Amino acid sequence: MQTLDATFSALADPTRRAILMRLAKGDLTVMELAKPFNMSQPAISKHLKVLEQAGLVSTTVRAQERPRRLETAPLKTAIDWIEKYRQMWEKRYQVLDGLLIELQTIQTKGDKKR
């Protein structure tokens, strides 16, 4: 559960979500990641540290560069967790739909008798 907590905590910030969206297109350095944001490189680095601690981003070494890469395993874990609850709620909504249809049928029969 700690991994899941760290994933959701990291995803709670819109800047971090935007960073992940950019990394989904390919590896980028800190400087490349910082370009579209109105913040300093150290601020971006702090966001990257949170993402790395959550296992969502890793750093590779390429000559003088340290590009960041999206790691999808924690996202898959979060999706699987969410999917379990989505299925549970889907079943509950189906039961409610059945009850609504039953109530509408009863009401329609009652209206016809009048």
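In the predicted model, Glu 83 is partly exposed, with a relative accessible area of 27%. Its side chain meets that of Arg 86 in a salt bridge, with an N to O distance of 2.7 Å. Arg 86 likewise falls in the partly exposed class, at 42% relative accessibility. The two residues are 3 positions apart in helix H5, and therefore about one helical turn separates them. An α-helix has 3.6 residues a turn, so residues three or four places apart point the same way. Side chains of opposite charge can pair when their charged atoms come close.

A second pairing within helix H5 involves Asp 80 and Lys 76, whose side chains form a salt bridge at 2.9 Å from N to O. Here the spacing is 4 residues, again about one turn of the helix. Asp 80 has a relative accessibility of 34% and counts as partly exposed; Lys 76 is also partly exposed, at 48%.

In total, the structure holds 5 salt bridges. One of them joins Arg 69 to Asp 27, with the closest N and O atoms 2.7 Å apart. This pair links distant parts of the chain: Arg 69 belongs to strand E2 (residues 68-70), whereas Asp 27 sits in the loop between H2 and H3, 42 residues away. Arg 69 is partly exposed, at 37% relative accessibility, and Asp 27 is partly exposed as well, at 28%.

Helix H5, which spans residues 73-113, also contains Leu 99. This leucine is partly exposed, with a relative accessible area of 44%. Leu 99 takes part in a nonpolar surface patch together with Met 1, Trp 81, Ile 82, Tyr 85, Trp 89, Tyr 93, Val 95 and Leu 96. The accessible area of the patch as a whole is about 960 Å². In soluble globular proteins, nonpolar side chains tend to be buried together. The residues of this patch, by contrast, lie on the surface.

The interior was examined next. The largest nonpolar core comprises 16 residues, of which Ile 19, Ile 44, Leu 48 and Leu 51 touch the most other members. Helix H2 (14-23), helix H3 (30-34) and helix H4 (41-53) are the elements that each contribute two or more residues to this core. Beyond its sequence neighbours up to four places away, Leu 51 touches Ala 10, Arg 16, Ile 19, Leu 20, Leu 56 and Val 57.

His 47 is another residue of helix H4. With a relative accessibility of 13%, His 47 counts as buried, because the limit for that class is under 20%. When neighbours within four places in sequence are set aside, His 47 is in contact with Asp 13, Thr 15, Arg 16, Ile 19 and Met 39. Arg 16 and Ile 19 thus appear among the contacts of both Leu 51 and His 47.

In helix H1 (residues 2-11), the buried residues are Leu 4, Thr 7 and Ala 10. They lie on the same side of H1, because their arc around the axis is only 130°. The cover over these buried residues includes H2, H4 and H5. Ala 10 is also one of the residues touched by Leu 51.

Two loop positions complete the description. Gly 55 is located in the loop between H4 and E1 and is partly exposed, with a relative accessibility of 28%. Leaving aside neighbours within four places in sequence, the contacts of Gly 55 are Glu 71 and Pro 74. The C-alpha atoms of Gly 55 and Pro 74 are separated by 6.5 Å, although the two residues stand 19 positions apart along the chain.

Ala 63 occupies the loop between strand E1 (57-59) and E2. Most residues other than glycine have a negative phi. Ala 63, although not a glycine, has a positive phi of about 55°. With a relative accessible area of 71%, Ala 63 is exposed, since that class begins over 50%.

How values were computed. Residues are numbered from 1 along each chain as its sequence is written. This is a predicted model: local features need pLDDT of at least 70, side-chain atom pairs count only at pLDDT 80 or more; totals for chains, interfaces and linings use all residues. Side-chain values use heavy atoms; hydrogens and water are left out. Patches are made of residues with over 30% relative accessible area and no salt bridge: like charges are joined within 9 Å, nonpolar side chains (Val, Leu, Ile, Met, Phe, Trp, Tyr) within 5 Å. Accessible areas come from the Shrake-Rupley method with a 1.4 Å probe; for residues, only the protein chains shown count as cover. A salt bridge is a side-chain nitrogen of Lys or Arg within 4 Å of a carboxyl oxygen of Asp or Glu. Buried means under 20% relative accessible area, exposed over 50%, partly exposed in between (1.4 Å probe, protein chains only). A nonpolar core is a set of buried Ala, Val, Leu, Ile, Met, Phe, Trp, Tyr and Cys residues joined through side-chain atoms within 4.5 Å. Contact means heavy atoms within 4.5 Å. The arc is that of the directions from the helix axis to the C-beta atoms.
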